[in-house]
Amino acid sequence: MVARRSLHWVFKIGDRSSSIDFLMKTLKMSVLRHEEFKEGCDAACNGPYQGRWSKTMIGYGPEDSNFVLELTYNYGIDKYELGNDFRGIHINSKELYSSVEGQVNEDGTKTVPSPDGYSFLIHNEGVSTSGVVRGVSLASTNLVETVKFWNGILGLPVLHQSSDEVTMGFEESQAFVRFILTKEISHGTAYGRVAFSLPVEDLPAVEKDARDKNYKILTPFITLKTDGKADVSVVIFSDPDGHEICFVGDEGFRELSRFDPLGEQLLEDAMKEDKSKEWFARKGKSKGSAS
């Protein structure tokens, strides 16, 4: 039986070159694979946009055994409005902690902002070289309702809980999702998405359970096709606070997510060929902010 596992967090990035530079040079991540698309994703993988876009998977190791980041870049957009829904990506690395500059928090972590304004929380623990993504923090307006959905519907056990925080995950060894009690939540246009895998035959039952309990389904069961690569089946959920969750069939995703040794070169070629700013300039316009 295939266990459920945490996969990645999806970021929308407006400045692809600066974001890649930050993640590779400052946080020491590596490109795992890269894909270019001519039109929007049927599961809104790149957000509610229908134009040309790209997807870059980046992290500290193969997707089979690491929680990684998915960077979605829409060619016509160079800026997204940040909300307070996303609180940070947690990285364990003694090396990074000693080498990067950032704001030191009360818990001893360092907050390092990305070029797009996303927070990365560096913990002075774990391996001495490279790093590991340990989890993601999000906002919650009601921890009871959050647990009811994430545990009762999605099946994530509660790992730790206090009056103002709850941490959930399939196993202690996997990346966690931590919710921090917040009075109000705004998602802006920069809202992300967290992805988990499970046996593909389990997807319809989870979707039905969510529907029966009146939770919102953003994308019903659908099989996404990628030319020359494995097909993957997904269901996209929305939790009570509007956080997006992708459940993907594990079998197809393991095939799709294999490390591509040409990924970094494909990304470099795409960035060199990206003339979107020049195209807008010729039209007397500038690339737009997401709305």
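Me: In this predicted model, which residue in E9 is the bridge partner of Asn92?

Reply: In this predicted model, strand E6 covers residues 86–92 and strand E9 covers residues 119–123, and the two pair in the parallel sense over 4 bridges. Within that pairing, the residue of E9 that serves as the bridge partner of Asn92 is His123.

Me: What is the order of the strands in the open sheet of 8 strands, and which are its edge strands?

Reply: The sheet is open, its pairing is mixed, and its 8 strands follow the order E7-E8-E9-E6-E10-E13-E12-E11. An edge strand pairs on one side only, and this holds for the strands made of residues 103–104 and 158–161, which are strand E7 and strand E11.

Me: Across which strands does helix H3 lie, and at about what angle does helix H3 run to E12?

Reply: Helix H3, which is formed by residues 143–152, lies across strand E10 (132–140), E11, strand E12 (165–168) and strand E13 (176–181). With respect to E12, helix H3 runs at about 10°.

Me: Why is strand E4 described as largely enclosed by the rest of the structure?

Reply: On one side of E4 the residues Val68, Glu70, Thr72 and Asn74 are buried, and on the other side Leu69, Leu71 and Tyr73 are buried, so that both faces are covered. Strand E4 is therefore largely enclosed by the rest of the structure, because the number of its residues that are buried is 7 of the 7.

Me: Which residue of E4 stands opposite Val10, and which is the bridge partner of Met57?

Reply: Strand E1 (residues 5–12) runs parallel to E4 and is joined to it by 5 bridges, whereas strand E3 (residues 53–59) pairs with E4 in the antiparallel sense over 6 bridges. Val10 stands opposite Glu70 in E4. For Met57, the bridge partner in E4 is Glu70.

Me: Which cysteine is joined to Cys41 by a disulfide, and why is Cys246 not bonded to Cys45?

Reply: A search of the whole structure finds 1 disulfide, and it joins Cys41 to Cys45, with an S to S distance of 2.3 Å. Cys41 is buried, with a relative accessible area of 16%, and Cys246 is buried too, with a relative accessible area of 12%. The closest cysteine sulfur to that of Cys246 is in Cys45, but this is too far for a bond, because a disulfide needs sulfur atoms within 2.5 Å and the distance here is 6.9 Å.

Me: How many aromatic pairs does the search find, and how many residues apart in sequence are the parts that Phe11 and Tyr118 tie together?

Reply: The search of the whole structure finds 17 aromatic pairs. The rings of Phe11 and Tyr118 have their centres 4.5 Å apart and their planes at 35°, so this pair is tilted. Phe11 lies in strand E1 and Tyr118 in the loop between strand E8 (110–113) and E9, so the pair ties together parts whose separation in sequence is 107 residues.

Me: Is the ring pair of Phe149 and Trp150 stacked or edge-to-face?

Reply: Phe149 and Trp150 are both buried, and they belong to a cluster linked by ring pairs, whose members include Phe170, Phe179 and Phe196. The ring centres of Phe149 and Trp150 are 6.3 Å apart and the planes are at 80°, so the pair is edge-to-face.

Me: Over the ring of which residue does the charged end of Arg178 sit?

Reply: Lys110 lies over the face of Tyr97, at 4.9 Å from the ring centre. The charged end of Arg178 is 4.4 Å from the centre of the ring over which it sits, and that ring belongs to Phe176.

Key: Residues are numbered from 1 along each chain as its sequence is written. This is a predicted model: local features need pLDDT of at least 70, side-chain atom pairs count only at pLDDT 80 or more; totals for chains, interfaces and linings use all residues. Side-chain values use heavy atoms; hydrogens and water are left out. Two strands pair if DSSP finds at least two bridges between them. Contact means heavy atoms within 4.5 Å. Axes are lines fitted to C-alpha atoms, for helices over the stretch in contact, and angles run from 0 to 180 degrees between N-to-C directions. Buried means under 20% relative accessible area, exposed over 50%, partly exposed in between (1.4 Å probe, protein chains only). Rings of Phe, Tyr and Trp (its six-membered ring) pair if their centres lie within 6.5 Å; planes under 30 degrees apart count as stacked, over 60 as edge-to-face and the rest as tilted. A charge sits over a ring if NZ of Lys or CZ of Arg is within 6 Å of the ring centre and within 35 degrees of the ring normal.
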